[in-house]
Amino acid sequence: MAELHLHIEGTLQPELIFALAERNGIELPYADLDELRSRYEFTDLQSFLDLYYANMAVLRTEQDFADMTRDYLARASAGGVRHVEVMMDPQAHVSRGVPLETCVNGVASALATSEEEFGVSTLLIAAFLRDLPEDDALEVLEQLLAMNAPIAGIGLDSAEVGNPPSKFVRLYQRAAEAGLHRIAHAGEEGPASYITDSLDLLGVERIDHGIRCMEDAALVERLANEQVPLTVCPLSNVRLRAVDTLADHPLPAMLSAGLNVSVNSDDPAYFGGYVDDNFVQLRAVLGLTAAEQSRLAANSIRSSFASDARKAELL
Ligand code: ES4
Ligand code: ZN
């Protein structure tokens, strides 16, 4: 199984938040772990993003980023993940004074030893914050290219509604020119038209989430015909109220429609579980079968940016 939709900052567990705050001499606005944990009830994407960005304040040194990443890789490996494409949000760190090199090198150093240490091959994807101006993203992309950052591609995340794909045409053109893979969040909270525009205006190879495609039958037909990968995150969708309950999740309908879907954890420290936890609940609540789970796992490997040799090993 491959995990294709994972924000490394969303793997920061409450215990590590407290440990890093202590190590870095940072005063947290929570008295203890229980008080922090009491904040993990979200009403929508923005209510989650507020806590997600606030908690990043404890990430200061290269070691902090490496420790967070290593913890995730160990846990993902134990849950059966054999390849992961890790997104990180460089702008969320640069904007609070952490040098780009510090955050990129910290994450990259942990990824570099992952295959040997955990049997998990890795790729790094720089995600850009869609609620910031495109020029800000372009500047950071140029810096990443100038420093030869080990990135395989770019993504687009953060507050979706009101920040459409059309805002980032130049960014994606530049990434294509630089030979980078391109993915984008679309159709999580935003409308189905953001999925179409991500494909047609940004040239993305995969859609993160994409669940709202189900509101547009013509789009579903296109996504099925083209086998566009959709990296679905069931527990995330429930916690952020994109769907009411797991029983209402469109995953079974998406499978029935012949869509190329995979199951992913998104921000496992915030949404109640890693990718294996997602599968446990899908089996329990939606009656996901072993055959369906195998198909989802095969989709994740086929849809990855791993080398053909690595894909052949994993399929
Ligand atoms: C995210 Cl679930 C989700 N959606 C959009 N942006 C994000 N960044 C981190 N998690
Ligand atoms: Zn996401």
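**Exercise 1. Locate Asp266 and decide whether it is buried or exposed.**

Solution. Asp266 sits in the loop that runs between strand S8 (260–263) and helix H14 (268–271). The model is a predicted one. The next step is the neighbour count: 29 other C-beta atoms lie within 10 Å of Asp266. The threshold for a buried residue is 20 or more, so Asp266 is buried. The last step is the backbone: Asp266 is not a glycine, yet has a positive phi of about 70°.

**Exercise 2. Describe the surroundings of Asp267, and state what UniProt says of this residue.**

Solution. Begin with position: Asp267 is in the loop between S8 and H14. Next, take the count of C-beta neighbours inside 10 Å, which is 22 for Asp267. Because of this count, Asp267 is classed as buried. Then list the contacts, leaving out residues up to four places away in sequence: Asp267 touches His7, Gly10, Tyr52 and Ser236. Finally, turn to the record: an unreviewed UniProt entry has the annotation "binding site" covering Asp267.

**Exercise 3. Find where the UniProt feature "active site" is placed, and characterise that residue.**

Solution. The unreviewed UniProt entry puts the feature "active site" at Glu188. In the model, Glu188 belongs to the loop between strand S5 (181–186) and helix H10 (192–202). Glu188 has 24 C-beta neighbours inside 10 Å, and therefore counts as buried. With neighbours within four places in sequence set aside, the contacts of Glu188 are Leu45, Glu160, His209, Ile211 and Ala242.

**Exercise 4. Work out how helices H8 and H9 are arranged and which residues form their contact.**

Solution. Helix H8 covers residues 134–146 and helix H9 covers residues 169–177. Their axes are 9 Å apart, and the packing angle is about 15°. An angle under 35 degrees counts as roughly parallel, and H8 and H9 are therefore roughly parallel to each other. The crossing of H8 past H9 is right-handed. On the H8 side, the contact has Glu134, Ala137, Leu138 and Leu141; these meet Arg170, Leu171, Arg174 and Ala175 of H9. Sorted by class, the contact of H8 with H9 holds five nonpolar, no polar and three charged residues.

**Exercise 5. Place Phe168 relative to H9, and identify its contacts.**

Solution. Phe168 is in the loop between strand S4 (153–157) and H9. There are 25 other C-beta atoms within 10 Å of Phe168, so this residue is buried. Apart from neighbours within four places in sequence, Phe168 is in contact with Arg130, Glu134, Ala137, Leu156 and Leu202. Glu134 and Ala137 are also among the H8 residues that meet H9. For a longer distance, take Glu117: its C-alpha atom and that of Phe168 are separated by 37 Å, with these positions 51 residues apart along the chain.

**Exercise 6. Give the geometry and composition of the contact between helices H4 and H6.**

Solution. Helix H4 (residues 62–78) and helix H6 (residues 100–112) cross at roughly 35°, and their axes come within 7 Å. H4 passes H6 with right-handed sense. From H4, the contact takes in Glu62, Gln63, Asp64, Phe65, Ala66, Thr69, Arg70 and Leu73. From H6, the partners are Thr102, Cys103, Asn105, Gly106, Val107, Ser109, Ala110 and Leu111. By class, the contact of H4 with H6 consists of seven nonpolar, six polar and three charged residues.

**Exercise 7. Classify Gln227, Asp32 and Leu51 as buried, partly exposed or exposed.**

Solution. Gln227 is in the loop between helix H11 (217–226) and strand S7 (229–232). Gln227 has 13 C-beta neighbours inside 10 Å and so counts as partly exposed. Gln227 is not a glycine, but its phi is positive, at about 50°.

Asp32 is in the loop between helix H1 (14–24) and helix H2 (33–37). Its count is 11 C-beta neighbours inside 10 Å, and Asp32 is therefore exposed. The C-alpha atoms of Asp32 and Ala217 are 48 Å apart, and these residues are 185 residues apart along the chain.

Leu51 is part of helix H3 (residues 45–55). With 15 other C-beta atoms within 10 Å, Leu51 is partly exposed. Leu51 and Arg39 are twelve residues apart in sequence, and their C-alpha atoms are 7.8 Å apart in space.

Notes: Residues numbered from 1 in each chain as written. Chains lettered and ligands numbered in written order. Predicted model: local features only at pLDDT ≥ 70, side-chain atom pairs only at ≥ 80, totals over all residues. Axes fitted to C-alpha atoms, helices over the stretch in contact; angles between N-to-C directions. Helix = DSSP H or I, 4+ residues; strand = E, 2+ residues; numbered from the N terminus. Parallel < 35°, antiparallel > 145°, perpendicular 65-115°, else oblique. Left-handed = near helix turned anticlockwise from the far one by under 90°. Contact = placed C-beta atoms within 7 Å. Nonpolar A, V, L, I, M, F, W, Y, C, P; charged D, E, K, R; others polar. UniProt positions renumbered as here; feature names shortened; annotations may be inferred. Buried ≥ 20, exposed ≤ 12 C-beta atoms within 10 Å, placed from the backbone.
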